Amino acid sequence: MSQPKDALAAPTHPDPYSFYAELVARRPLFWDESSRMWIASSARAVGAVLTHPACRVRPVTEPVPRALGPGAAAVFRHLVRMNDGPVHCPMKQAVSSFLGGFGERQVREEARRRTRLLGGPERLHSLPFQLPLSVVGRLLGLSEDGLPQVAVWTGDFVRGLAPGADMDRLEAGERAAHGLLEVFRAALAADVAGPLALFARGAERFGAQGREALLANAIGLLSQTHDATAGLLGNTVLALLGQPALRERPGLLPHILDEVLRHDAPVQNTRRFLAEDAVIEGQRLAAGDTVLVILAAANRDPALNEDPHRFDVDRKARRSFTFGAGVHACPGEALVKWMAWGALEELLTADPGLLRAAARGVSYVPSVNGRIPLFQREVRS
Ligand code: HEM
């Protein structure tokens, strides 16, 4: 099979992993002239970049992408994912404690219930995107009837933020930001005792900006959920398709999910921007440089996991960078695993024909960082 042409094409390549293995072995942290970025791929280099104080989530000269319209920019500038330092820490605490308020049983049951509701011929094509959004939307207290529109807007918002988004996507993202802000403002006004209000109390300490920061981060929870969870569901369906024996052991789902997350990560890379000169893993990086941090390559570094290319649900001491590392590590890890567990146990028991449908064909959603299978629409017979 041909190799991906570069690290940005790798996430949507049928098999990027031999390309990544080559990077890990030969060029764990190097300057790539064609993309004009540093590329970090080994577990050591990825860990070092993600925890280095000079490596920030946004360039200091452009904290908000200039291309964004005013609505999308108003959301982006508050996102916990897009801030470092004093703004990041208290907002991260508010987000983590809000997400920490949900338990396995509640999330798994909600995912099962919604998977049943979202049945139908479009299931495999659209469920990976609709289901996570509707579960997280309900946890945030959004009204049931608005959820399909919220899912569409979240997809538009995410695509509008993606690096290199064209004018159409930027405009759709801008409309989506306005739509989502309205939905959350209305939800907060309508339910002063609901989950969103609880989250709002956590944001009070941010002063005058608190309410806007809260609303932005509620949208951020939806946008962080959207592609990554669809990728996890899709990559797990593909793993089950390739390994029929696993389908006979539904009790293993939590372990299967953990191994899929390591072996075929839905978020393949992230980026860091140098706020000042730094020496990392013996390389001199300069203020203003960008680093592409390939989490999915580090997961398969033999220094991190023994026999890393083998898919092994019984793997002992599994280690993974899929949810990041350091201060920006993902606070949604537990939630997303419960959600995917509930959805897949329902799909596999209620619909044994599901994998036949998956076998009909799959492509990947165009992306420079996500690995998100897109299953063909099912044809009614
Ligand atoms: C399989 C699903 C998911 C994966 C693989 C994933 C992965 C990640 C990664 C790698 C980061 C760190 C990015 C970086 O440091 O550059 C991150 C951050 C984040 N994720 Fe997730 N995520 C997933 C699902 C979720 C869900 C469901 C939520 C919330 C409901 C969520 C909320 C967040 C937030 C708020 C951040 C920003 C944290 C910070 O910057 O401090 N994620 N995620």
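**Close-up views of a predicted model**

**View 1. Strand S7 is mostly covered.** Take strand S7, which runs over residues 290–294: four of its five residues are buried. Keep in mind that everything here comes from a predicted model. On one flank, S7 pairs with strand S2 (residues 37–40) in the parallel sense, over three bridges. Strand S4 (residues 269–274) pairs with S7 too, but in the antiparallel sense and over five bridges.

**View 2. Bridge partners can be picked out residue by residue along S7.** Start with tryptophan 38, whose bridge partner in S7 is valine 291. Isoleucine 39 has leucine 292 as its bridge partner in S7. Now look at arginine 271: its bridge partner in S7 is leucine 292 as well.

**View 3. Step back, and S7 turns out to be part of an open sheet of five strands.** Read across, the order is S1-S2-S7-S4-S3, and the pairing is mixed. Which strands stand at the edges? They are S1 (29–32) and S3 (55–56). Each has a single partner strand, so one side of each is left without a neighbour in the sheet.

**View 4. The ligand sits among 26 surrounding residues.** The closest are Ala228, Thr270, Gly324, Cys330 and Gly332. Three helices give two or more residues to this shell: H4 (88–99), H10 (210–242) and H14 (333–350). Which of the elements gives the most? That would be H10, with seven residues. As for the kinds of residue in the shell around the ligand, 15 are nonpolar, nine are polar and two are charged.

**View 5. Helix H12 crosses helix H14, one of the helices just met around the ligand.** H12 covers residues 253–263, and its axis comes within 10 Å of the axis of H14. The two axes cross at roughly 120°, which means H12 counts as oblique to H14. As for handedness, H12 passes H14 in a right-handed crossing.

**View 6. Glutamate 281 and alanine 317 have positive phi angles without being glycines.** Some background helps here: most residues other than glycine have a negative phi. Glutamate 281 has a phi of about 50°, and you'll find this residue in the loop between strands S5 (278–280) and S6 (283–285). Alanine 317 also has a phi of about 50°; its home is the loop between helix H13 (295–298) and H14. Are these two residues buried or exposed? Glutamate 281 is partly exposed, because 16 other C-beta atoms lie within 10 Å. Alanine 317 counts as exposed, because there are 7 C-beta neighbours inside 10 Å.

**View 7. Valine 135 is a buried residue in a helix.** The helix in question is H6, which spans residues 123–139. Valine 135 has 27 C-beta neighbours inside 10 Å, so this residue counts as buried; the cut-off for that is 20 or more. How many residues separate valine 135 from valine 24 in sequence? There are 111, and in space the two valines are 37 Å apart, going from C-alpha to C-alpha.

Methods: Residues numbered from 1 in each chain as written. Predicted model: local features only at pLDDT ≥ 70, side-chain atom pairs only at ≥ 80, totals over all residues. Near = placed C-beta within 6 Å. Nonpolar A, V, L, I, M, F, W, Y, C, P; charged D, E, K, R; others polar. Buried ≥ 20, exposed ≤ 12 C-beta atoms within 10 Å, placed from the backbone. Pairing = 2+ DSSP bridges. Axes fitted to C-alpha atoms, helices over the stretch in contact; angles between N-to-C directions. Parallel < 35°, antiparallel > 145°, perpendicular 65-115°, else oblique. Left-handed = near helix turned anticlockwise from the far one by under 90°.
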